[in-house]
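Hello,

Here is the structure I promised to send over. Please open it and keep it beside this email while you read.

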Amino acid sequence: MSAQDYAEISSLMQAYADGLYHADSQALRQVFHPNLAYVCATPGDELHLDLEAYMARIDKRTPPSQTGDVRDDRVLEIKLATPQLAHVTASMALMGRTYLDLLTLQRTPEGWRIVTKVFSYVPMEKS
């Protein structure tokens, strides 16, 4: 993977984490592909949404940045499959849950975009 690809994908992932932490659907629209497939694979909470349905959920969400959630987001792996296709594994702690995201990225004329978001979560242990 070129240093430029790594930098572009890392920047996209920072914008992704910022957008989720601030529940900013306008910023997230710059991260996601218009044909996004959003899939929750948590047993008992399976869900499939498109971009518009997901952004509607984001717009209704109280931003974790306003509720005092401690931010903990990490990119665990970035793999470039082809010059146009990448895979990112990320983890995030928000809203009382720890998430594991498997993201497929596609290079578009506008830059890298997340085209699939498949994730699962577990409740955080309370201290």
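**What I found**

Trp112 has a relative accessibility of 3%, so it counts as buried. The cut-off for buried is under 20% relative accessible area. Please keep in mind that this is a predicted model.

**Around Trp112 and Asp5**

Trp112 belongs to strand S6. Its side chain makes a polar contact with the side chain of Glu8, at 3.5 Å. Now look for Leu85. Trp112 and Leu85 are 27 residues apart along the chain. Their C-alpha atoms are separated by 8.8 Å.

Next, find Asp5. It sits in helix H1. Is Asp5 buried or exposed? Its relative accessible area is 9%, so Asp5 is buried. Which residues does Asp5 touch, leaving aside its neighbours within four places in sequence? They are Leu80, Arg107 and Trp112. With Arg107, there is a polar contact between the two side chains, at 2.6 Å.

Asp5 and Arg107 also belong to a network of salt bridges, and Glu8 is linked into that network too. So Glu8 turns up twice here: in the network with Asp5 and Arg107, and in the polar contact with Trp112.

**Salt bridges**

Side chains of opposite charge can pair when their charged atoms come close. How many salt bridges does the structure hold? There are seven. Three pairs are worth finding on your screen:

- Arg71 and Asp73 meet through their side chains, at 2.5 Å from N to O. Arg71 is partly exposed, with a relative accessible area of 30%. Asp73 is partly exposed as well, at 27% relative accessibility.
- Arg74 and Asp72 form a salt bridge at 2.9 Å, N to O. Arg74 counts as partly exposed, at 48% relative accessibility. Asp72 is partly exposed, with a relative accessible area of 32%.
- Lys79 and Glu77 form a salt bridge at 3.6 Å, N to O. Lys79 is partly exposed, with a relative accessible area of 47%. For Glu77 the relative accessible area is 31%, so Glu77 is partly exposed.

**Helix H3**

Helix H3 covers residues 51-60. Which of its residues are buried? They are Leu51, Tyr54, Met55 and Ile58. These residues cover an arc of only 100° around the axis, so they lie on the same side of H3.

What do the buried residues of H3 pack against? There are helices among the partners: H1 (3-21) and H2 (25-29). There are strands too: S1 (32-40), S2 (47-49) and S6 (111-123). You have met H1 and S6 already: Asp5 is in H1, and Trp112 is in S6.

Look at the start of H3 as well. There, a side-chain oxygen of Asp50 comes to within 3.3 Å of the backbone nitrogen of Glu52.

**A nonpolar patch**

Turn to the surface. Leu76, Leu100 and Leu102 make a nonpolar patch there, of about 260 Å². Leu100 is found in strand S5, which runs over residues 97-108. Is Leu100 buried or partly exposed? Its relative accessible area is 41%, so Leu100 is partly exposed.

**Two loop residues**

Last, check two backbone angles. Ala23 is not a glycine, yet it has a positive phi of about 50°. It lies in the loop between H1 and H2. Ala23 is buried, with a relative accessible area of 13%.

Met95 also has a positive phi of about 50°, and it is not a glycine either. You will find Met95 in the loop between strand S4 (85-94) and S5. Met95 is partly exposed, with a relative accessible area of 35%.

Best wishes

Note on methods:
Residues are numbered from 1 along each chain as its sequence is written. This is a predicted model: local features need pLDDT of at least 70, side-chain atom pairs count only at pLDDT 80 or more; totals for chains, interfaces and linings use all residues. Side-chain values use heavy atoms; hydrogens and water are left out. Patches are made of residues with over 30% relative accessible area and no salt bridge: like charges are joined within 9 Å, nonpolar side chains (Val, Leu, Ile, Met, Phe, Trp, Tyr) within 5 Å. Accessible areas come from the Shrake-Rupley method with a 1.4 Å probe; for residues, only the protein chains shown count as cover. A salt bridge is a side-chain nitrogen of Lys or Arg within 4 Å of a carboxyl oxygen of Asp or Glu. Helices (H or I, at least four residues) and strands (E, at least two) are DSSP runs, numbered from the N terminus. Buried means under 20% relative accessible area, exposed over 50%, partly exposed in between (1.4 Å probe, protein chains only). The arc is that of the directions from the helix axis to the C-beta atoms. Contact means heavy atoms within 4.5 Å. A polar contact is a pair of N or O atoms within 3.5 Å; within protein, one must be able to donate a hydrogen and the other to accept it, and residues adjacent in sequence count only if both atoms are side-chain atoms.
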